[in-house]
Every structure is written in structure tokens, then in C-alpha cells.
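Me: I have a small structure open and would like to look closely at one part of it. Could you walk me through its helix and what that helix rests on?

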Amino acid sequence: MMRSLNYRIHLQREPEGGYTVTVPTLPGCVTFGETIEEAITMAQEAIELYLEDCAANPD
């Protein structure tokens, strides 16, 4: 069974447009989206990749 994990994200509107997304509990997990919806989708993908990388490299 797959567990569902929730992470808080921080959206920062950029002066040139779009949104930078950071995940405070996952250092270095940063992404970008042109719209809020895209930024949230990109954050979900970035979190998944971050966690996969952590699992593959436990050091």
C-alpha cells in the first residue's frame, strides 16, 4: 500500500512573471511555474523526484 505524504510549499510571485516554489522541509527542492496551477503541479513532481533521489542515495 502506498502512503500519502503532505508537504507545505511556498509560492513566491516573481517580478518578471510566474512563481518560484520551494519546499521548506526539503532543502534544495525548488521549481517554477508560469501559473499557480502549473507551479503546484511542478512542486508535486519536484517532491516526488526529491524523495526518489533520497531513497536511491540514502547517504
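**The helix and its sheet**

Reply: Happy to. As a starting point, the protein exposes about 4800 Å², and carbon and sulfur atoms supply 54% of that area. Please keep in mind that this is a predicted model. Buried residues make up 22% of the 59 residues in the protein, and the C-alpha trace spans about 40 × 25 × 15 Å along its principal axes.

The protein has one helix and three strands, and along the sequence they follow the pattern β-β-β-α. The helix you are asking about, α1, covers residues 36–56. With 21 residues, α1 reaches 30 Å from its first C-alpha to its last, close to the 30 Å expected at 1.5 Å a residue.

Now let's see which way α1 faces. Its buried residues are A39, A43, A46 and I47. Viewed down the axis of α1, these buried residues fall within an arc of 105°, so they line one face of the helix. The general rule behind such a pattern is that an α-helix has 3.6 residues a turn, so residues three or four places apart point the same way. Turn to the other side of α1 and you will find E37, L49, E52, A55 and A56, which are exposed.

What does the buried face meet? The buried residues of α1 pack against β1 (10–13), β2 (19–22) and β3 (30–33). The helix lies across these strands, β1, β2 and β3, and runs at about 150° to β3.

It is worth a look at the sheet itself, too. This is an open sheet of three strands in the order β1-β2-β3, with antiparallel pairing. Its edge strands are β1 and β3, each of which pairs on one side only. On average, neighbouring strands of the sheet are turned by 25° against each other, direction ignored. As a general point, strands of a sheet pair through backbone hydrogen bonds, either parallel or antiparallel. Here, β2 and β3 run antiparallel and are joined by four bridges. If you would like a spot to zoom in on, T20 stands opposite F32 in β3.

One last number concerns contacts along the chain. Among contacts between residues at least 6 apart in sequence, 16% join residues at least 24 apart.

To pull the picture together: α1 has A39, A43, A46 and I47 as its buried residues, these pack against β1, β2 and β3, and residues including E37 and E52 are exposed on the other side of the helix.

Methods. Residues are numbered from 1 along each chain as its sequence is written. This is a predicted model: local features need pLDDT of at least 70, side-chain atom pairs count only at pLDDT 80 or more; totals for chains, interfaces and linings use all residues. Side-chain values use heavy atoms; hydrogens and water are left out. Helices (H or I, at least four residues) and strands (E, at least two) are DSSP runs, numbered from the N terminus. The expected span of a helix is 1.5 Å times one less than its number of residues. Buried means under 20% relative accessible area, exposed over 50%, partly exposed in between (1.4 Å probe, protein chains only). The arc is that of the directions from the helix axis to the C-beta atoms. Contact means heavy atoms within 4.5 Å. Two strands pair if DSSP finds at least two bridges between them. Axes are lines fitted to C-alpha atoms, for helices over the stretch in contact, and angles run from 0 to 180 degrees between N-to-C directions. Accessible areas come from the Shrake-Rupley method with a 1.4 Å probe; for residues, only the protein chains shown count as cover.
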